[in-house]
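Visitor: I'm new to this one and would like to learn how to read it. Could you show it to me and walk me through?

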Amino acid sequence: MSTQNSKGTALVTGASAGIGATYADRLARRGYDLILVARDAARLEALALRLRTQTSRTVDVLPADLGSAAGQDIVANRLVSDGAITLIVNNAGLGPNGPALSSAPTAYDAMLALNVAAVQRLTLTAAHVFAAKGGGTIINIASAVAMLPERFNGPYVATKAFVLALTQALAAETAGKGVTFQAVLPGYTRTEIFERAGIDPSVLPQDMVMEVGDLVDAALSGLDQGELVTIPSLPDPADWQALEAARMKIAGNASRNKPAARFGVA
C-alpha cells in the first residue's frame, strides 16, 4: 500500500466495469489512491485487489446504490469527511432500452435518479468541498448525444444534456476558486451498456464504436490540456469552439424587453 500520495484520492462511481473501471485503472497508474463506488461489492473487491497488486496504490471499496437517496448519502458523506479526496469521476449511469415511447413513462424514474439526481448531489457536494479548500477536480461523464437530441432516446439525451449544462454552469460559478471541471462526451463505447440495453454492438458501424481504454485515455489527455468539454472522437476542437461562439451570440439576444421585430408584435 502507498504511504505517500501527492495527488490525493480519486473517487470513481460506476467503478465495477467499463468506463468507471478503466478510469480507476488509469488514475491509479497516475498516482492516485482510489475509492471505488458501485452496487456490486464483489466486483469492486476483485477490481480493488487487482489494482492494489498492480499499482501499489491504496484502494478502498464503497458499495452504494446511487439510484437511492441512502446511497447518495453514503458517497456524499465520504466526500465531506475524507479530506484526501482531490478528484471525483461521476460515471455511474443507466442507458435506455429502445425508443422513448416503447416504455412506460415511469420506466425512466430509475434513470432520472441515477443520471441526474445522483450526479447533481455528488457534483454539488464535491464543488462545495473543493472550493472551500481551494482545489479539486470534478469529471462528469455526459454523452455526445447531449448535443444531438434528435438522434437518440429522449429521456436519456435529456439526462446527459443536464450533466453537460450542470458542468458548464458550475465551472463558471466556481471560476477562480481552484476547482477544475470537465464534461466528457463519449459516443458509442464498447462497454456492458450494450448488453444491458439488449443491443448487439456488432450491428453498429464499427468505425463509430470506440474502445473504452482509448476513450478514457483521450478524456484524460483532454483534462491535461485544460478542456472543459472533451469530445474524444472530435478531430478539430475549432468545431466545438464555433458552436460555443454561436451559442454566445444567441445569448446576447436571449433576453430583451421587447419581442424581436420579426414577430410583428406592436
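Guide: Sure, and we'll begin with directions. Axes are lines fitted to C-alpha atoms, for helices over the stretch in contact, and angles run from 0 to 180 degrees between N-to-C directions. Contact means heavy atoms within 4.5 Å. Helices (H or I, at least four residues) and strands (E, at least two) are DSSP runs, numbered from the N terminus. Here, α2 lies across β2 and β3, and runs at about 170° to β3.

Guide: Some ground rules too: this is a predicted model, where local features need pLDDT of at least 70, side-chain atom pairs count only at pLDDT 80 or more, and totals for chains, interfaces and linings use all residues. Residues are numbered from 1 along each chain as its sequence is written, and side-chain values use heavy atoms, with hydrogens and water left out.

Visitor: How do the strands fit together, and in what order do they form the sheet?

Guide: Strands of a sheet pair through backbone hydrogen bonds, either parallel or antiparallel. Two strands count as paired if DSSP finds at least two bridges between them. In this model seven strands make an open sheet, ordered β3-β2-β1-β4-β5-β6-β7, with parallel pairing. At the edges sit β3 and β7 (229-230), each pairing on one side only. Strand β6 (residues 179-184) is joined to β7 by two bridges, and Ala183 stands opposite Val229.

Visitor: Which strands does α1 touch where it packs on the sheet?

Guide: Helix α1 touches β1 (9-13), β2, β4 (85-90), β5 (136-141) and β6, and its direction makes about 170° with that of β1.

Visitor: Is β1 mostly covered or mostly open?

Guide: For this you need the cut-offs: buried means under 20% relative accessible area, exposed over 50%, and partly exposed in between (1.4 Å probe, protein chains only). Strand β1 is mostly covered, with five of its five residues buried. Thr9, Leu11 and Thr13 are on one side, with Ala10 and Val12 on the other. Five bridges link β1 to the parallel β2, where Leu36 is the bridge partner of Val12.

Visitor: How can I check the length of α2, and which of its residues are buried?

Guide: The expected span of a helix is 1.5 Å times one less than its number of residues. The 15 residues of α2 (residues 41-55) should therefore span 21 Å, and the end C-alpha atoms are indeed 21 Å apart. Its buried residues are Leu44, Leu47, Ala48, Leu51 and Thr55. They cover an arc of only 105° around the axis (taken from the directions from the helix axis to the C-beta atoms), so they are on the same side of α2. Their cover includes α1 (18-29), β2 (33-38) and β3 (59-63). On the face turned away are the exposed Ala42, Leu49 and Thr53.

Visitor: What about the loops? Where does Asn153 lie?

Guide: Asn153 lies in the loop between β5 and α5 (154-173), and is buried, with a relative accessible area of 5%. A polar contact is a pair of N or O atoms within 3.5 Å; within protein, one must be able to donate a hydrogen and the other to accept it, and residues adjacent in sequence count only if both atoms are side-chain atoms. The side chain of Asn153 makes such a contact with the side chain of Tyr108 (3.0 Å). A polar atom of the Asn153 side chain also lies 3.0 Å from the backbone nitrogen of Tyr156.
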